[in-house]
Amino acid sequence: QVQLLESGGGSVQAGGSLRLSCKASRTIGDYCMGWFRQAPGKEREEVATIDRFVNRRYIDPVEGRFTTSIDNAKNTLYLQMNSLKPEDTAMYYCAANFARCPWNDDWENWGQGTQVIVSS
């Protein structure tokens with residue numbers, strides 16, 4: 001089990017950037033890590049994943065704008081978000097699953113979330 005703590009959310013104008021951090025309580029080099037978001041009144045959606053072989057996947061709306069990465073020395077997962085749009089507004093969560101990326105939303109560990117608000 002891994003405890004996760006997100007930070008870095010805030011309020012920005014469209015076109016701006018934010019970097020979210022997810023600090024883990026232990027090494028995450030053998031985990032699949034993921035970023036999720038949930039907008040008000042909508043279901044949670046997977047945004048990006050990075051597996052233990054550093055293979056990355058993104059949903060189409062953020063492809064080319066968001067980048068996820070891991071600093072194993074700091075036990076920290078990052079989500080760099082550039083060219084932000086109002087539709088990116090949501091609570092953002094990080095998640096961890098040992099070894100493999102789940103095919104569904106049944107991940108083993110979740111953070112508490114950090115809010116991102118993008119205004120026009």
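This note goes through the pocket, the nonpolar core and several single residues of a predicted model.

1. **The pocket.** The largest pocket has a volume of about 160 Å³. Its lining is made up of Glu 46, Thr 49, Ile 50, Asp 51, Asn 55, Arg 56, Arg 57, Cys 101 and Pro 102. Two elements give two or more residues to that lining: strand S5 (45-50) and strand S6 (56-58). S5 gives the most, with three residues.

2. **Lining by class.** What is the make-up of the lining of the largest pocket by class? Four residues are charged, three are nonpolar and two are polar. Glu 46, Asp 51, Arg 56 and Arg 57 are the charged ones, going by residue type. Ile 50, Cys 101 and Pro 102 are the nonpolar ones. That leaves Thr 49 and Asn 55 as polar.

3. **Arg 56, a lining residue.** Arg 56 sits in strand S6. Its relative accessibility is 40%, so it counts as partly exposed, a class that runs from 20% to 50%. Beyond its neighbours within four places in sequence, Arg 56 is in contact with Thr 49, Ile 50, Thr 68 and Ser 69. Thr 49 and Ile 50 also appear in the pocket lining. A polar atom of the Arg 56 side chain lies 2.7 Å from the backbone oxygen of Thr 68. Arg 56 and Ser 69 are 13 residues apart along the chain, and their C-alpha atoms are separated by 8.7 Å.

4. **Pro 102, another lining residue.** Pro 102 belongs to the loop between S9 and strand S10 (109-110). Is Pro 102 buried or exposed? Its relative accessible area is 17%, and the cut-off for buried is under 20%, so Pro 102 is buried. Leaving out residues up to four places away in sequence, Pro 102 touches Asn 97 and Trp 107. Cys 32 is 70 residues from Pro 102 in sequence, yet the C-alpha to C-alpha distance is 8.3 Å.

5. **The nonpolar core.** The largest nonpolar core has 28 residues. Leu 4, Met 33, Trp 35, Phe 66, Met 81 and Tyr 92 have the most contacts inside it. Several strands supply at least two residues each: strand S3 (18-24), strand S4 (31-38), S5, strand S8 (76-81), strand S9 (90-98) and strand S11 (114-119). S5 therefore turns up twice, as a supplier of this core and as the element that gives the most to the pocket lining.

6. **Tyr 92.** Which residues does Tyr 92 contact, leaving aside neighbours within four places in sequence? They are Glu 6, Leu 20, Phe 36, Arg 37, Val 47, Phe 66, Leu 79, Met 81, Gly 113, Thr 114 and Val 116. Phe 66 and Met 81 are also among the core residues with the most contacts. The side chains of Tyr 92 and Arg 37 are joined by a polar contact of 3.0 Å.

7. **Arg 37 and Asp 88.** Arg 37 is in strand S4. At 7% relative accessibility, Arg 37 counts as buried. Asp 88 is in the loop between S8 and S9. Asp 88 is buried too, with a relative accessible area of 1%. A polar contact of 3.0 Å joins their side chains. Arg 37 thus has side-chain polar contacts to Asp 88 and to Tyr 92. Not counting residues up to four places away in sequence, Asp 88 touches Arg 37, Val 62, Arg 65, Phe 66, Val 116 and Val 118.

8. **Positive phi.** Two residues other than glycine deserve a look. Val 54 has a phi near 65°. Val 54 is in the loop between S5 and S6 and is partly exposed, with a relative accessible area of 46%. Ser 83 has a positive phi of about 50°. Ser 83 is in the loop between S8 and S9 and is partly exposed, with a relative accessible area of 42%.

9. **Val 12.** Val 12 is found in strand S2 (residues 10-13). Its relative accessible area is 15%, under the 20% cut-off, so Val 12 is buried. Beyond residues up to four places away in sequence, Val 12 touches Ser 17, Leu 18, Leu 84, Ile 117, Val 118 and Ser 119. Val 118 is touched by Asp 88 as well. Tyr 78 is 66 residues from Val 12 in sequence and 18 Å away, C-alpha to C-alpha.

How values were computed: Residues numbered from 1 in each chain as written. Predicted model: local features only at pLDDT ≥ 70, side-chain atom pairs only at ≥ 80, totals over all residues. Heavy atoms only, no water. Helix = DSSP H or I, 4+ residues; strand = E, 2+ residues; numbered from the N terminus. Buried < 20%, exposed > 50% of the residue type's maximum accessible area, 1.4 Å probe, protein only. Contact = heavy atoms within 4.5 Å. 1 Å grid on protein atoms, 1.4 Å probe; cavity = no way out; pocket = protein on both sides within 12 Å on 5 of 7 lines; lining within 4 Å. Points joined across faces, edges and corners; volume = space filled by probe spheres on them. Core = buried A, V, L, I, M, F, W, Y, C linked by side-chain atoms within 4.5 Å. Polar contact = N/O pair within 3.5 Å; in protein donor to acceptor, adjacent residues only side chain to side chain.
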